[in-house]
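This report walks through selected local features of a protein structure, from charged contacts to helix packing, backbone geometry and the surface.

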Amino acid sequence: MNEPLISFLIPAKDAENIIHHSATQVLQFFRKNFPEQFEIIIIPNSASDPRQKNTLEVSQQLALQYPEIRVCPHHFPLGKGAALKTGFLNSRGRWIFFTDADLPFDLSYFKDAAALLSNNTDLIIGNRRLDQSWAKVSANIIPFASKRHIAGISFNYFTRLLFGISTKDTQAGIKAMSRRLAQKAFEKQKCPGFFFDLELILTARGHQYDIKELPVTFNLKNSITTVKLFRDTLLAFFWLTKILYFHASGNYQHQRSRTPN
Amino acid sequence: MLAGITNTRDLVRPIKKITCILSIVATLVVLPLYGYKVFTKKTYSDFDVYHRTSYRINHQQWDLVYNFKIDKASPFRYSPLSWPFFVEFDDYPLPVARTIWFVMNYLFYAIGFFFLFRSLARLKIDTFFVTAFSFIFVLRFCLDSFMIGQISGLMFMCIAITLDAWLTKNPKIFGIALTIPTILKVGPGVIAGLLLGSRSSFAKVTIRYAAYTIAGLATLSLFFYEISFLKYCELFVSWFQTVVADANYFDASHYGSQSLKSTLLRIAKQQWITFDFAVLLWKTLSASFVCILAAFWLIRRPITLRARGLFFCLGIFAYLICMPETFKYALTLLAFPIAFLMSGQRARFENIAVAFGFLTMSIAGYDVIGPALFFPLQKASIPFLAIILLLAATLRLTLRESAPSSFWLNIRDLWSIPRTPYGFGLNRKKSETKKDFSFVIPVPLSSTTQTTPYLLQYSLKQVLTIIQRLTPQSYEIILVPYGNHASGKHPIIQKSIVKLPLEVQEQVYITPTLITQLRRGAALQQGYQQTYSNLICVFNIEQPCSSAFYLNAIEKVLSRQADIVRADRRHPESEWVISIPLIHKLNRRFNLSIQFNRLVRLLLPIPTHDLHSFNIVMTCRFASILFVRQMTTALLFDVDMSLIAQTHGFKEIDLPALFVLEKEKRLARLNLEILRFVVRIPVILWRYHAGYFAPLKHKPQFTADDWGLSPAVNRGILSLAQAGVVKRVSILAKSKFLSVELEELKKIPNIKLGLHFDLTYSPSQSPFKIIFESVFSGKTKKEALRTLFRHEFLTQLQILRQHHINPIYMDGHHHIHLVPGTLNSIGDLIQDAQITRVRLPYSHSLWFSKKFLINILSIFALKHFKKFNFQYSAFYYPLKREMKDINFLISQINANPKSEIICHPALYDDSGPETYTDSYTDQRVSELHTLQNLAILNEQKILPTISKNHEHASPHSI
């Protein structure tokens, strides 16, 4: 296969039941919209963990079945950000797309994102809080969705206050970026977990890359959440402080090369 | 000149011409004549005060600008904001300044009348004459303002510009132009009350530009007159104190003032009331008047351009009447109401009001009628009376050319019990081929609830999917635009229809827009009237749901598992596609509506967990009963629907669905809905327990009176008799139209015909006269009456027999058979005619109506019933309001199954000198429609066989 235009990264953890369906969905979408211009990279996270063995096996079967799919197991450190970095290092595409393994967002987002990337935009953030963004929610989890929405808004408000960024949704698990931005972002990545998104935005801003936002269609299927309130609040506090420190020390800024005296 | 005049029009034309010429001549003569008079004037004029004040301002004598102690009777009464209008006069000597001011005033009036002309030109009715007439009307007041040097010209011009801006809906000019007279006299500010009934965007821009004007004038004063801001503020306090002191100092009972206060004070001078009471009364009446006017502006909306002008003029009256003093120069503003009264159709009252005003104010000047008549007229407040008359005339016209505002309809909707619209039974489309499905889509297009192109297109897309899946042979799509912006030509509707395939476009019908139809329930009823199928699918365009629900629901209905299927938003398997920022709002509303639903289910036997989804599939059979019995046109229509389904034994099912929510309800609408719920639920609860929702348990036994009164009456009775609602018909034997449709009537099986014994229709006379003569006349007269009664009975009986009618019962036109002595006189004749049944119209409901006399007469007549052994049945006389409420009527029929109920239907209103002119003219047609609706229920054989049940069903695909 020639060097593809798009590398689509799918970090997969505890995803043995869904990865087959998700990967084939993505495959169908990209075959239809970007024929022969893409590769799909499944990144089974914590691949050395015996509990993730099934995810790895299903992914490998998919790779055998479809030439567009590759598997790049990630071992350490744990976390979505780190897994994406592994995926990126194995990717070849000029544009890097990623989303979560359960495909919570409508893939049509990537069509609009591709149009923007071809116009030299470097980062396209999926924003759930734009007026044009839609959610598909079961009637019985509307209270949960509402609470989650409020929590998200509160967190975002806090983040914007700390970092002076303008986007109202840093954490949506759907983004598209240029390779040059991905290169910089993963170089400067400090957080292996889900605050990688914030680092990505800070890097793009620090390098004055063009950032755009797109509305998304979000599918909230159930109220099961992996967030553990106490532990994750502490973790969030830890990582936000750390990222703030790196941000203040210019880690995410463009480093001008020193000229010799 | 008058030679050759043959009719009024010929006379009016020269009068109009003379008025126009006179106004032009007066305009041209006034300028030099009054210019000279003003220049040579030596005595005090109001302008001297402005001139003096301008000197003080220019010399920064701030403490003297508003100093009541020094100025006494002639203080400067306008606020510091008004300085820029006067301050430059200090540069000229007083006579020159006066003349400049006169010329300016002259120009102000000229510009004012130009704007009035411009405003009237929009009405396109005799613009030149009306402007000329209004000018002649206020000419004397204008001249007065020239001599006094008042600011009336400036006021007039600004008000004229404000009026023009109001008519052209220009909020910027409206705001600026109204601010200036308000700054000067405060009172004209009442016109701003018009904003209460305007769109909020208009009000916002007006207020913004008024604020700019005030800020501009204040800035001018602060920068050009070099006054500190603090001092400037202090001067506002001084101004206010001066105005208050002046109001107390000045004797408002002065003969020249024609305000409410002056009139009351003059009454107090006559010692009819005390002065304190007069002032208190003035304040109370003025405040009440302004409040009532504000309420009027809020609850009515003009429907013509003239009415818009008249609305404006009401504000002018408020200013003129409620001001402490209203001298002649202020009355120049009467030109506006006069102009609008004169332009267009008007009744005699309006003409009298204008003529009275013209005679008592415009003509009756000191120099014309002399002191002997002038002073008594002024002191008797005759001009004030003329102003009140003009106000009444303006109000009359305004009422005629306005309609209830949407605000008022919302408020009224809170407590009124909506009736089934007249003509409901008649209007339902029946002529076309019956369709397989009807898709009814009410489209909200109001200021509070506006659909979006996306939502309408989404709903239509679902209809297309259903059509593609089920491939019906025939179907119809009924779009019902409703709300205060409703129109079939609305771009949202037009653009959505264009996107449909051509063959589908042909099946779309857009209902005409009704003014009163503002609510979803009413819209659905209107949509239903246009359907002609056995199955009706209703789409809630605000929260449409996917075609899967309709496919499931249609299957349920077609397989007779349900009569009504509702999309349940709270079903665990239901899903929402929602704009993400709305999730939180939706959750809050969800919680609120769950509580609402719990309360409703607690109070009423309603099984559904989601009353207001409004995505429904129902059978035509259920729909016909629902819409006949519908009591609510708005939010709680769904409660009606569920209660009617339950009480009539229809089976309801709730199904899960996929809903789309693009935008959330506005807070104002939500509040109104809560208020409506709080007010209406107790009403519905009471009505439910009073049996208003109960099915019709017995066949109604209506007796229709007055056959023969007119062709329309005969045809109305015939239609109801054919429908099986009317069982007996009382015939006016001597009526002019007896034979119209009589043969058709006689053909109806089991119809009972009776004699409607008459003494008041032919010859026409008052029933009260007959009662009076029967009770109070002497023996001879009573004997003559007895002979008359017997003769009339025999004659009328004879006429019926000539028409091959053998009456089997008898009653009386206007219940005249109850008149004391009547039954006694003709009892034996009734027996001889083998009539055994006579009506005894005693009804409990009549005791609390103006027809209570019928009950009294019935009680007195009872002994004659016993004497002659006449049979009579229980009787129910529905009152006018009861006849309009079909549910009440049904509750009464159910409560009195064997009672005779009378009605007076007519197919249309053909009352007139040739037919009848009684008080029942307008009620007959409405009675017919109520009974036609009753006939629909009668036709439905009422109780369906499906057992009462309700269930939540799981979805399954077709």
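A residue is called buried when its relative accessible area is under 20%, exposed when that value is over 50%, and partly exposed in between. The model discussed here is a predicted one, and the burial terms are used in this sense throughout.

## A buried pair and its network

In chain B, the side chains of B:E900 and B:R839 form a salt bridge in which the closest N and O atoms are 3.2 Å apart. The two partners belong to distant parts of the chain, 61 residues apart, with B:E900 in strand β18 (residues 900-903) of chain B and B:R839 in the loop between β16 and α36 of chain B. Both B:E900 and B:R839 are buried. The pair does not stand alone, since salt bridges that share partners join B:E900 and B:R839 with B:D705 and B:D811 into one network.

## Other salt bridges of chain B

Over all chains, the structure holds 37 salt bridges. One of them is formed by B:D164 and B:R118, whose closest N and O atoms are 2.6 Å apart. This contact links distant parts of the chain, because B:D164 sits in helix α8 (residues 152-168) of chain B and B:R118 in helix α6 (residues 94-121) of chain B, with their positions 46 residues apart in the sequence. The two ends are not equally covered: B:D164 has a relative accessibility of 3% and therefore counts as buried, whereas B:R118, with a relative accessible area of 36%, is partly exposed.

A further salt bridge joins B:R569 to B:D610, again with the closest N and O atoms 2.6 Å apart. B:R569 lies in the loop between β7 (564-567) and β8 (575-579) of chain B, and B:D610 in the loop between α27 (583-603) and β9 (616-619) of chain B, so the contact ties together parts that are 41 residues apart in sequence. Both of these residues, B:R569 and B:D610, are buried.

## Helix packing

Two packed helices are described by the angle between their axes and by the distance between those axes. In chain A, helix α3 (residues 80-89) packs against helix α6 (residues 179-188) at an angle of about 130°, with the axes 11 Å apart. The two chain A helices, α3(A) and α6(A), are therefore oblique to each other, and α3(A) passes α6(A) in a left-handed crossing.

Chain B offers a second example in helix α33 (residues 767-776) and helix α34 (residues 779-802), whose axes come within 8 Å and cross at roughly 130°. The helices α33(B) and α34(B) are therefore oblique to each other, and the crossing in which α33(B) passes α34(B) is left-handed.

## Backbone geometry

Most residues other than glycine have a negative phi, and most peptide bonds are trans. In chain A, the peptide bond from A:F76 to A:P77 is cis, with omega near -5°, and A:P77 is placed in the loop between β3 (69-71) and α3 of chain A.

In chain B, B:Q60 has a positive phi of about 55° although it is not a glycine. B:Q60 is found in the loop between α2 (46-58) and α3 (62-65) of chain B, and its relative accessibility of 35% makes B:Q60 partly exposed. B:E741, also not a glycine, has a positive phi of about 65°. B:E741 lies in the loop between β13 (726-731) and α32 (742-747) of chain B, where a relative accessibility of 26% makes B:E741 partly exposed.

## A buried loop residue in chain A

A:L103 lies in the loop between β4 (95-99) and α4 (109-117) of chain A. With a relative accessible area of 13%, A:L103 is buried. A:L103 and A:I174 are 71 residues apart in sequence, and their C-alpha atoms are 9.1 Å apart in space.

## A nonpolar surface patch

On the surface, B:F768, B:W847, B:F848, B:F852, B:L853 and B:I859 form a nonpolar patch with about 660 Å² of accessible area together. Helix α36 (residues 852-868) of chain B contributes the largest share of the patch, 3 residues. Another member, B:F848, lies in the loop between β16 (837-838) and α36 of chain B, and at 76% relative accessibility B:F848 counts as exposed.

Definitions and conventions: Residues numbered from 1 in each chain as written. Chains lettered and ligands numbered in written order. Predicted model: local features only at pLDDT ≥ 70, side-chain atom pairs only at ≥ 80, totals over all residues. Heavy atoms only, no water. Patch = residues over 30% accessible without salt bridge, like charges linked within 9 Å, V, L, I, M, F, W, Y side chains within 5 Å. Areas by Shrake-Rupley, 256 points an atom, 1.4 Å probe, with all protein chains shown as cover. Salt bridge = Lys/Arg side-chain N within 4 Å of Asp/Glu carboxyl O. Helix = DSSP H or I, 4+ residues; strand = E, 2+ residues; numbered from the N terminus. Buried < 20%, exposed > 50% of the residue type's maximum accessible area, 1.4 Å probe, protein only. Axes fitted to C-alpha atoms, helices over the stretch in contact; angles between N-to-C directions. Parallel < 35°, antiparallel > 145°, perpendicular 65-115°, else oblique. Left-handed = near helix turned anticlockwise from the far one by under 90°.
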